[in-house]
Amino acid sequence: MMDNDAPSRMLRVAAPALIAVLLLAAWQGLVVAYDVPKYIVPSPLVVLQTLIADRALLADALFVTLGIALTALAIATVVGTLVALLFVQSRWIEMSLFPYAVLLQVTPIVAIAPLIIIWVKDTRIALILCAVVVAIFPIIANTTLGLRSVDHGLLNLFRMCRASRWQVLLRLRIPGALPYFFGGLRIASGLALIGAVVAEFVAGTGGQGAGLAYQILLAGMQLNIPRLFAALFLIAAAGIALFAATVWLSHAVLSSWHESEAAAPG
Amino acid sequence: MANGAQVAPVVAIARAEKSYPNGTRALAPIDLEIRGGEFLTLLGPSGCGKTTLLNLIAGLIAPSGGALRWWGGDFTATGVPGRRQGFVFQAPTLMPWARVEANVRLPLDLAGVDRDTATRGAVAALTQVGLAEFARHYPRELSGGMQMRVSIARALATVPDLLLMDEPFGALDEFTRQRLDGELAALWAARGLTVVFVTHSIYEAVFLSTRVAVMGARPGRVIADVPIDEPFPRGDAFRVSTTFARRCQQLSALVAEAGAGTLHPEQS
């Protein structure tokens, strides 16, 4: 696609939709043509049938996983922003604590999830905690960078007006950090979902309140491959919806003034 | 015009100097008085300490020796802090997330002025720079020249007695610069402002100033204090007059003299 010739809004939706239709048609055609058994690769139509047939089970699981991911994202946003605000108070605080934020980021969640699940009695809380650990780093890192990236001239102006630390934070640092924050939120939204799914795989709890990951695990063991695909589809759809929501939010807040959003479709 | 004996100078600089801990000597001791109602331009090549001197006058940095007195007293003891002077930077330095009006009223908001008064002040300042109808726009919707005018309106919002300007039009094209110079001169005359203006443009200095302090580099110092006692208003006719050309020549020679020992040390 040419950069200087911005595609219309309709094309932006139509082009990927066309690709989806083509891929699904090819998938359906290949499965039918080679008579692939549905316990190896189910056709898209079979997956759709399963989605409809198992809708009660899958919807419950979707709500459980989405609930965990959204709660974790909310906690990561609040705590991550507070940590970033703490970091910019002094270089000493940041220097002392930042390595631990990195530690949190580089330790694979699959390695620490079992510990968290052992230590925290309530499985749901344990899963939320795992997802928070995964999602919080981009919020901390981006927001800290944003709070620090203050226009030097504006800072001088505030100083000349004898602005208090609080006024500088509220009127200058926080608004200026918003584009960075939303960049972090966009990454964190996907990570929260990944964290929720991975943690649930590790926890492997079933019964009441089981999420999509558990349904995938179970369907795999039962060789119910169509249901596995249906659950997979829902996870992907949830991820896209979360991402789209953060993009929309970012656009709603920034479009009036920030270059990154000004040219995006409304 | 803007001369005559004043009660106390707006700013009195007595042997003020500035060195940095790394040994860089930005300013040699300087004696300079800024009198009420005058348009003083600090003129000199890059690196001669013009901006350092302006920042000293603004109270943004402290002198490493000597003293500055504002309105005959200590800065902190003079009026509401920060409200008696306005500052215009090299770049517009506007908050991109705030509308034009919010940008202009910022100094009033920070000083704790109530909403209605601040709004009135912002509208009045925007009217003075001819941008009243752009109050609801965002900075990115304005041209560079208009953004600079918003920046000037912000400096005027507090109704300052002293306006400090650090090469405000340096980044603009020549036509816009000339127009804004004209507008600034009119504003200065109408408001009875005291202005300290930094530039490296000799033409701009001659067109605007009642007095030009020519500065030399390494260390920064004032080498000549030249009154430009031509009558106001100075219109476009002044720009092409022989008086203008003579004044420019005079300043040009002084600037060259200032640079002779520093830019080409082998010739000195």
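B:Pro21 sits in the loop that links strand 1 (11–19) and strand 2 (25–34) of chain B. This is a predicted model, and in it B:Pro21 comes out as exposed, with 6 other C-beta atoms within 10 Å. That count puts B:Pro21 in the exposed class because the cut-off for exposed is 12 or fewer. For a sense of scale, take B:Ser151: B:Pro21 is 130 residues away from B:Ser151 in sequence and 33 Å away in space, C-alpha to C-alpha. The rest of this briefing goes through the sheet of chain B, its strand 7, helix 1, and then chain A and the contact.

**The open sheet in chain B**
- Chain B has an open sheet of 6 strands, and their order across the sheet is 5-6-7-3-8-9.
- Pairing in this sheet is mixed.
- At the edges you'll find strand 5 (85–88) and strand 9 (221–227) of chain B, each of which pairs on one side only.
- On average, neighbouring strands of the sheet are turned by 15 degrees against each other, direction ignored.

**Strand 7 of chain B and its neighbours**
- In the strand order, strand 7 sits between strand 6 and strand 3 of chain B.
- On one side, strand 3 (residues 39–43) of chain B runs parallel to strand 7 of chain B, and 5 bridges join the two.
- If you want to trace that pairing, B:Thr41 has B:Phe197 as its bridge partner, and B:Leu43 has B:Thr199.
- Strand 6 (residues 162–166) of chain B also pairs with strand 7 of chain B in the parallel sense, over 5 bridges.
- Here B:Met165 is bridged to B:Phe197, so B:Phe197 has a partner in the other pairing too, namely B:Thr41.
- Getting from strand 6 to strand 7 of chain B takes you through helix 6 (residues 174–191) of chain B, and the three make a right-handed β-α-β unit.

**How enclosed strand 7 of chain B is**
- Strand 7 (residues 194–199) of chain B is largely enclosed by the rest of the structure, because 6 of its 6 residues are buried.
- Side chains in a regular strand alternate between the two faces of the sheet.
- Strand 7 of chain B is covered on both faces: B:Thr194, B:Val196 and B:Val198 are buried on one side, and B:Val195, B:Phe197 and B:Thr199 are buried on the other.

**Helix 1 of chain B**
- Helix 1 (residues 50–58) of chain B is also largely enclosed by the rest of the structure, since 9 of its 9 residues are buried.
- The buried residues of helix 1 of chain B include B:Lys50, B:Thr51, B:Thr52 and B:Asn55, along with B:Leu53, B:Leu54, B:Leu56, B:Ile57 and B:Ala58.
- Right after helix 1 of chain B comes B:Gly59, with a positive phi near 80 degrees.

**Chain A and the contact with chain B**
- Chain A has 11 helices and 0 strands, so reading from the N terminus you meet α elements throughout.
- The C-alpha trace of chain A spans about 75 × 55 × 25 Å along its principal axes.
- Chain A has 266 residues, and 34% of them count as buried.
- Among contacts in chain A with a separation of 6 or more, 74% come from residues 24 or more positions apart.
- Where the two chains touch, chain B puts in 16 residues and chain A puts in 16 residues.
- The chain B side of that contact has 13 nonpolar, 2 polar and 1 charged residues.

Methods:
Residues numbered from 1 in each chain as written. Chains lettered and ligands numbered in written order. Predicted model: local features only at pLDDT ≥ 70, side-chain atom pairs only at ≥ 80, totals over all residues. Helix = DSSP H or I, 4+ residues; strand = E, 2+ residues; numbered from the N terminus. Buried ≥ 20, exposed ≤ 12 C-beta atoms within 10 Å, placed from the backbone. Contact = placed C-beta atoms within 7 Å. Pairing = 2+ DSSP bridges. Right-handed = clockwise from strand over helix to strand, strands pointing away. Nonpolar A, V, L, I, M, F, W, Y, C, P; charged D, E, K, R; others polar. Axes fitted to C-alpha atoms, helices over the stretch in contact; angles between N-to-C directions.
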